[in-house]
Structure formats: structure tokens, C-alpha cells
Amino acid sequence: MSTQLVAPRSLGSSTSDARSRLVSFLTQRRRGCAEVAEKKWWDNCRNAIQNAGSAPLCYILPESPKPQWSSARASIQDPFSRTVRESTVVGSSKSSPRPLHKLCALCVKKLTRSTSTKTWSFRTAAALFILYFAFFISLLCVPQAASAADSASAIDAAQRRVVKVYGAGGASGLEAYQTGVLISPEGHVLTAWSYVLDTDTVAVVLHDGRRLEGKLVGADPKLELAVLKIDVRDVAYFDLAKSPALDKIDVGSRVLAVSNLYNVATGDEPASVQRGVVAAKASLAARRGAYRTPYTGSVLVIDAVTNNPGAAGGALVDSRGELLGVLGKELRSQETNAWLNYALPASEIRAAVAELAAGRGPRRSEEKTMRPEQPHTLAGLGLVLVPDALPKTPPYVDRVREGSPAAMAGVRPDDLVIMIDDQLAPSCLAVADGIGRIDRADKVKLTLMRGEELIEVTLEAGTTEGGR
Amino acid sequence: MRVLWRDKAVRLFAAGSCLAVAVVSCALIVASVVLADDPVTNKPLDVPADVLEAEAKRVAVIDAARNRTVAIFGQGGQGGGSGVLISADGYALSNFHVTSACGDWMKCGLADGKLYDAVIVGIDPVGDVALLKLLGRDDFPHAELADSDTVRVGDWVFCSGNPFLLATDFKPTVTYGIVSGVGRYQYPDGTLLEYADCIQTDAAINPGNSGGPLFDATGKVIGINGRGSFEKRGRVNVGVGYAISINQIKRFMGQLRGGRIVDHATLGATVSSDDQWRPRVDSILEESDAYHRGLRYDDIIESLAGRRVASVNAVKNVLGSHPKGWRVPIVFRREGQRFETHVRLAGVHREAELLAMVQAATTDAQPPRRPEPKKPEPKKPEPNEGEKKPEDAPKDGEKKGEGDKPKIPLPLPGIAVPKKPAMPEDVRRQYEVRSGYTNYHFNKLERERVWKAFAARGSFERTAAKWNVKGMLADESLALFEFSEQEATADLPAALSRVKFTNDLAANRDPEGSGGLLVALHLWQRLLRLGPEKFGQVSYWGTAPVVGQKELCDVLVGVQGGVEARFYFAAGGELVTMELFTDDGTDPCEIWFGEYQEHDGLRLPRRLEVRRGDGVFAAVKVQEWRVAVEKSP
């Protein structure tokens, strides 16, 4: 969206009615077109209006679907450019209503053209009235001078909501740092789930240099995301609920990636900012090493190089500073072997993250629950883990007793137990404890990591052990 | 029928509405001049005039900037990198790691397709900067230098240079991006190639871009590109490049133009983060100036060189972007008490050590290893740690011999270094070897420039051999000075001191507590009467600030009889102050010259203030000068 032209702030809610009617009208129009380009155009109009949210209508200028959209113009119009913006601001006090005029003019053109071939309907007429209405409203509103700090403040706002995360690692090729984003005023931090978090103390450094301990609230091994909690109040945060839905994000729209790649920034130094466009919306088909990644849903592919060490967990924002997605871990394409620059869309992970933040996601159970009278035992399931030698020995399967429930379910030596019944079990002790909380009459669901593949198996005691 | 009628009514109504909207819209369209593009009919885009104007300006800016970009090649046309012209007479900036691979002179191509000879002028091996001079024209297109402290994250920037040596016709490649970060600190390679307070950009910087300019949107130079975070993806851009800030280079420019080998600053103390992540002194050398000025173990540094330093990196950023020898303000805190003073910055290296390292990097025709960000070290490397570099260099050579697939370093290596071509005549005329200098020829030029500006204000050549000064101290007591080539006397209320000069001036520190005022006066007179040529060893030091002034002064340094005197000349040529250093590491004796007035056709100060360390030894209000000009025969 070419939103560099500046809107009046005073249009207010009087347009919301007009807006919704305009949207339904545009939807209607779209249905009637045959050409793809034309459909796209109507879509753009509609999206523009919807994306504008409560913003004044003058913001709305649909992007041209013209394929040869001049790159020169695109870059000169970039809303992040202070210099260029200054030059447009000069003219904007006079010309800011222009976008709406354009829209109206275009709508009218469309209508007049379609009348020659198609029949009129009441809806069209009504739509014209709406156009009228919106139009006159726009005449009423007085454009105000632009705030030159708009895009600079989008960067600043994003940087304030991005944190640096430090934890395990430091050995060659395993950086002990990554990035996170604040997603609640109480200090919930969304970040990538990685070995960095696999330690007792994770440090979270805020934009102002405050260094706080991050407690793991929950992790989703499928999305490879985790939520940490730090002890702060009233911090600036990204509201995931307000993030635009995936279908509202246009391919080709401008984005900023904010992350602490290469740990370039330390303490109160602001995170690095890169600019790019959404290159594609696609489903993720990626690998890490020889293994496929568990998440295969939609991602935003970006043309900026964001697959750098430490960038995972960073923010992908639009020109207004809204969170579009979270930068993913370093992955390569399964097909082309190319390093992928992508973000997990905020709207796709919103629900899972909310669960994680609320403590309801797959997580290690901290609270004491009632223990069943006849619980499962490792021996009973036929699982032999590696010797519990460390404070937090990774729960690798050492042996599987033949004919046991574990063997029947397909558990193999060297599998790493990740979760028991969707509860994280990060150590041998935690596995033994988790198994001991499940009644022998119930099934045990294990999530295993085999290589880097996640496998779910279900163990049933009854099948071989009988009623012992 | 009914249906038809209704249909008609609708049509009529719709047509009416349509007409009305169309009329109003048309009026508006005409009023706003701008016609929207109709995507379906593919009419050309009608772009608002201000956007077109901005676009045209941008194209013009890039066009001009391209002409100011230099493609640098070795003497045989091999290897190379990029650079940028900064003056009409051909001075150009590049990276040390580019020019060190080329040697004393190089070939430089401009966008006009012409190739020029260029000679090395000055180098800053720690900051990875080199100054060279293109020869053969006095009307080179050149770029203006911006104030890089005003650069902000998100600003549009563009790079211009010769990545992968693509431009066989010397026309530079332009890449565009934004500022990703400012005030970045990147660890040095050993003790060389440290990037302090640098600018991070996502504009593509690739091998061969090294030494090229980073321009702001108006085409002014904000930095010199030289480095990127490359380690994981092979040697190509990953959207993380670094440019040396132009404000750092400005601080070194005087020394670079003076043909020197420049060293960067340390405090003589190391800092680490305290529990609040503030920079806390965790070790300090007792012989450092910082210690003399009162900085102690456990003190928290609040500000350095006028910049607030809230973290260890911030301290490193300031030190790494300042030259050795500068005197800068420092603010530190101890148990709630705040101290403000000025500290003289020490050098990262001993002089001989730096020369050896430069030698190793330059004569080793191999390009230096690419700078790689090192693991964070808590302390600044001690000077002797830098000795690793010469040991490492041959290893690189060995690797090459083993037939490894050659990587593309910054700069690109020559395929084979052919027989060294002879130095062209015009280069030879502007090149002079002298130990401790990159190119002594340029030092002489700068020294002449400074002295000419001073001498233009009146010559002391014909003054008497003996000078007398009568003045009054702050407490209105009398002060008498008499000094000549052979001896000097100071008659002060505290004591009468007299010195006969021998070859060893360092032995004379009289009067007591002044740090050698009589020797200083003697050397001052000597420079004024004899000029730098006959004084003995006088060279151009570079530029440095003096306490209490923002403007940089030109500094001449004279070495005589085991002592070193530094003379600070303000922009107009006036001598502001001088410092006398003996080699025992104590505070120098400073004489501040003020309230210049005409006296027998000579400009002489009416105020002499003698300072040492933090205190004032004597402030003399001059009542009478006797420097009687000898009558010409």
C-alpha cells in the first residue's frame, strides 16, 4: 500500500458505516469480474479499506496491479525513507485527499465501464450512494500536516519491542544468542525454541539494556517457538491479536526485519533493522541438516537476508510497525538447498502462542498433581533410558525391551523423549516423574525426536502386560 | 411491465447518480491534476510531481556519486578494491587492507573510464583506513563528507564500488539499502582492523566493495565500507555490512594527510561491566595519564570525549574512533562523587610494534586475512598481543600453496603477481620513504603549509638572540624571564632559576614544579627564530583539539636534545599552546599563549599561562617584551 501520503486524523468513526458498506460493495463487484487483474484490483481496494482498520479513509490508495510497477517509484515511495518522505510531506498538506479521490474516480470508471455490458442492479445503485457518501465525508475532512517521524517511529517502536535472548551454546557453530519479541505488557517473550533455551538461566536483555532472567513458560516443538516470561510491568509489546491476517498481507508489500543477528548489538544498543518485501506466501518445505522441519504450514518469504545467526525470534513488521510475523530459525529449502528467509505469520501462530503464554500449551508440568495408585513405570513400558548421570540428563532411550509396549509402539534406541502426553519432559528424571503420573489404565503418548524428526507414539500397557 | 418500469427507474436513478459522481469526480480530478492510472488499460502511471522530483534528484545524486568513486588496482593491474575521492587535487579514501595489498602506489580507475596513477599518503592500520592521492589532475570530481553522528537507523544509504571487480571499464556498481544500526563495535583482527563506532547497513557489500564509500541520500560520504558479517554463508553479502564512520576518519585526517602511520587510542585502563552493566575500571596502568588524572580501579566511567558511555562497548567505540595522543574530556564517578577532567589518550601499540605489523601486512603481497568478528574479549588486547599477526601471515601463504580452492577475500587477490612494475616518474616525485611514515613527502607538505600560515603573521627571523619578558603574576608579584640559544633565566618570587643548555635538555626541569618551563621557552624561541627547517627535527603531527576548544589545531612536533615539543596552531595560524614532553612519563609542561598583540611589527602574546597536569604553575600578564629587532646592516 502506498501509504506515504498523509491522512487527516479527524475523520473518526463516522466513516465506519461507509467503510463496511464500501467493503461489501467491493466484494460484490469482484464477484462479477472475469479478468484476473481486475479481480485483483477489487481485492486490493477491499483489502486497503479493511486493512486501514480505524484509520481515516484517506489512507486508502490501492496498489496498482500493473505488473511493471516501476521499481524506481516503489523505492522512492517507500514509507521508511525519511528523506523522501520529507519531500512528499511538503506537498501532502495540499494533496493528501488525493488517494480517496483516486479511489472514487476509479470506482466510477469501473462502474461506468461495466454498465455498458452488464445490467444494473439495486446494489450497484446503493454502492454509488456509498461512494457519494464517502466522497463527501472526505471533502469535509481537513488534511493535517504530516508527522515526519512516522516511519522512523515505526522502526523505533519495533526496536523497543525486540529483546536479545542469551542462553546455552557458545561452542563452534552454536551461537549462544537469539532474538525475541515482547507479546504482553507483563513481559511474555516469544522466541524461537532452540538449544539456546536449553539451560537453567536464560537472560533476556530489553532495548534499554535491562537484563532479566527469562523463565520458560512453554514451548511448541512443532512451531519451534517458545514463550518466556520476564519480571516486568507495562512494557511496550506487540499485540498478536492486532496483527493482520495472512490473507491481508500482500505479496510485494514492504517489510522491516528487526533482530539481533550476529549479536551485533549488546546491552542497550538497538537491534539491527533490514528492509525488504514479502516475496511470497508459501508453505514451508525446509530441512535442517538432513531432517525435515516439523512445521509445514504457511510462511512469509522475505527478500531480505534474515537467515543469519541469532536472527531467529526477531520481528517482521510492516511500515506502521505492526507485527506481521516472527523470523524463523536458519533453514534450507528441501528442494533447492537455498537458505530460506522467512517468517512465521503472526496470524498462524496466534492461537498456539496464546495457549503457550497462558501456560496451557505443551509444557513441563510444574504443579504437583495427584498421583494415580497404579501408575506406569518405565520398566513396565519396557523403556530403558540412558544412565541418569547429570542434573539434567537428556532422556535418550538406551534400550527397548523386546515385546514391551514401547517396542510395540515402535520406540527405538537413541530416540530422545521430548514430551509425555504433550508435557515437556526435559530430563531422565522428568520422564520417570511424568510416566509415574499416568494411570496404568491410560495410554501414554510420547513425543520423540529421532534425529531431528518429531515422532508421536502411543504406548498401551494392556496389550502385552495383561492385568499384572 | 412493472418489472420493466422498476428496472427503468433503477437505471435512471443509477445513471443520474453516476453522472453526478462523474461530474464531481471530474472536477476534482481536474483540480488535483493527477489522473489515476487505470490498471486494466495499462496507461502509463501518472506519478505525482513531488515524487517525480524526488526520483529525479535521487538519480542525479547517484550519478554524481558514481563519478567520485574510485576502482583501485594493484601496480600490475591485479587485485584491488574501491575508494572515494574527497578533494579536487585527488586525495581519496580507501581501506588499509586494500592499499596494503597494492604497495606504495597503485592504479585507480574512475567512472570516466580513465586510469590514474596514485600514491599512498597515510595509513591507519588499526582503523583500516588509507589515504591516497590520485595524480594528474587538479579538478577531480570529489564527494563531500557528511556528519555521520547525525545518521539514524532507517536512513536510506547507498554504496558505490567495485564488488567482485565487475567493472572492467571502472564504472562502479551501486547498491542501495538502509542504515541497520549505528555505533556498532566489531572486534579487531589481532589489534588491527578494529571497527569501532561503525555504521551497519543492509545495502549489499561484497568482496571488492572494500574501501568504497557509503553515501547518504544526498550523496555525502557517511562512511567507508570495509567489512561484513560473512562467516556462515561463504564470502557474499548477507545483508550485514559495516562502514567506518566518516567522523572517525575526520579525526585522523590530519595525520593521514601528514603521511603518517596512525595509531588508535587506549585509556591505559581496561573496563568491564559492573552489575548494572556500566563500564567499571577493572585494571589501570600506574604510568598512564588516566591514572595521573585520578582515575582508579572500580571507578565508573560516565562520559568520554564528550560522549555518554553507558556500556563497555560504548567506551570501546569512543577509544577505537580516536587517535593516540588526543586529550579528551572524561567524567567518572566514585562512590557517588563525580570527577571531571581531561585525559591524554595512550596508543594501542608501541611505535616499533606497529611498524612491524604494518610491514608484515604490506610486504606480504597476500591480501590480509578477512576481518572476522572475534569472540567477545572482556578486555582490550594488551599491546603485545598484536604480535600474533606476523606469525599468522605466513600460514595463509602456506594454505594457498597447498592448492586450496582460493576464497575471495577483501580485496580480490591477483591471480599471479607479475614482476613489480617500476614506479612511474610522477609518483616518484611525490613519494619519500622514512621510517615511521607512510610517505614523508606529504609530511613536508603539511609542515610547510602550517609554517607558512604562521610566518605570514610576521617573521621572527631577525629578532635578537636574547629575549626578555617582564610580567606580573596573579598575586601581582613580578616575574622576569630571559632566554636565548645558550641559557635561560626565570626570576620568580619563589626562586631564581638559571639553566645553561647542553645537548641533553631533558635533564633541565627548572623552575621546580613547572616541568621544564625554561627549556620550553628556549624551544619556543628556537622554532620562532629558526623555523622548522633549521630547528632540528620538526615534523607535522596531525590535528588535535586543545582543552576548552572544539576546533582542531594543526600540531608540529619538534625533537631536540632528548625532549619533544608540540606546537598547536589554530586555524588562522596563531600558536595557541605548546607542550614539552620529557621521556620519563611525567606530565608535560604546557605554555598557553593568549591575548596576542602587535609589538615592534611582531605578534606577541600578552598572556603566558604555564600549566602542568591539572594545575596552573604560573599565569603571567606580560608587561613588556624585549625581542629587539636587529637593525639590518
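B:L166 is exposed, with a relative accessible area of 54%. In this predicted model, that leucine sits in a loop of chain B, on the stretch that links β7 (156–161) to β8 (173–186). It has company there: together with B:F164 and B:V236, B:L166 makes up a nonpolar patch on the surface. The accessible area of the three residues taken together is about 250 Å².

Stepping back to the whole of chain B, the secondary structure amounts to 11 helices and 31 strands. The chain has 633 residues, and 58% of them count as buried. About 26800 Å² of chain B is exposed, with carbon and sulfur atoms supplying 53% of that area. As for how the chain folds back on itself, take the contacts between residues at least 6 apart in sequence: 60% of these join residues at least 24 apart.

One helix of chain B makes a good contrast with the surface leucine. Helix α6 (residues 312–320) of chain B has 9 of its 9 residues buried, so the helix is largely enclosed by the rest of the structure. The buried set includes nonpolar residues such as B:V312, B:V315, B:V318 and B:L319, but B:N313, B:K316 and B:N317 are on the list of buried residues too. B:A314 and B:G320 are also part of it.

A strand of the same chain offers another buried spot. B:A479 belongs to strand β22 (residues 478–483) of chain B, and its relative accessible area is 0%, which means that this alanine is buried. What does B:A479 touch, once its neighbours within four places in sequence are left aside? The contacts are B:V469, B:K470, B:G471 and B:L473 on one hand, and B:D491 and B:L492 on the other. B:H264, by contrast, is 215 residues away from B:A479 in sequence, and the two C-alpha atoms are 41 Å apart in space.

The cysteines come next. Over all chains, the count of disulfides is 0. Why does B:C102 have no bond to B:C108? B:C108 holds the closest cysteine sulfur to that of B:C102, but the separation is 8.0 Å, and this is too far for a bond because a disulfide calls for sulfur atoms within 2.5 Å. B:C102 is itself buried, at a relative accessible area of 7%. B:C553 is in no disulfide either, and its nearest cysteine sulfur, in B:C589, is 18 Å away. B:C553 is buried as well, with a relative accessible area of 1%.

Turning to chain A, there are 12 helices and 21 strands. Of its 468 residues, 53% count as buried. The accessible surface of this chain comes to about 20100 Å², and carbon and sulfur atoms account for 52% of it. Among the chain A contacts with a separation of 6 or more, 66% are between residues 24 or more positions apart.

How confident is the prediction for chain A, and where is that confidence lowest? The average pLDDT of the chain is 73, and 63% of the residues score at least 70. Confidence is lowest in helix α3 (residues 71–76) of chain A, where the mean is 30, and highest in strand β12 (residues 315–317) of chain A, at 96. Residues 138–149 of chain A have a pLDDT below 50, and the model gives this stretch 24 contacts beyond near neighbours in sequence. Residues 463–468 of chain A also stay under 50, with 9 contacts beyond four places in sequence.

Two loop residues of chain A round off the picture. A:T201 is placed in the loop between β3 (188–192) and β4 (202–205) of chain A. This threonine is exposed, with a relative accessible area of 52%. Even so, A:T201 is in contact with A:Y166, A:G167 and A:E213, leaving aside neighbours within four places in sequence. A:K215 is 14 residues along the chain from A:T201, and their C-alpha atoms are separated by 7.7 Å.

A:S427 also lies in a loop, the one between β19 (423–424) and α11 (428–435) of chain A. Is A:S427 buried or exposed? The serine is buried, at a relative accessible area of 8%. Not counting residues up to four places away in sequence, A:S427 touches A:K392, A:T393 and A:P395.

Conventions
Residues are numbered from 1 along each chain as its sequence is written. Chains are lettered from A and ligands numbered from 1 in the order in which they are written. This is a predicted model: local features need pLDDT of at least 70, side-chain atom pairs count only at pLDDT 80 or more; totals for chains, interfaces and linings use all residues. Side-chain values use heavy atoms; hydrogens and water are left out. Patches are made of residues with over 30% relative accessible area and no salt bridge: like charges are joined within 9 Å, nonpolar side chains (Val, Leu, Ile, Met, Phe, Trp, Tyr) within 5 Å. Accessible areas come from the Shrake-Rupley method with a 1.4 Å probe; for residues, only the protein chains shown count as cover. A salt bridge is a side-chain nitrogen of Lys or Arg within 4 Å of a carboxyl oxygen of Asp or Glu. Helices (H or I, at least four residues) and strands (E, at least two) are DSSP runs, numbered from the N terminus. Buried means under 20% relative accessible area, exposed over 50%, partly exposed in between (1.4 Å probe, protein chains only). pLDDT is the predictor's confidence in each residue, from 0 to 100. Contact means heavy atoms within 4.5 Å.
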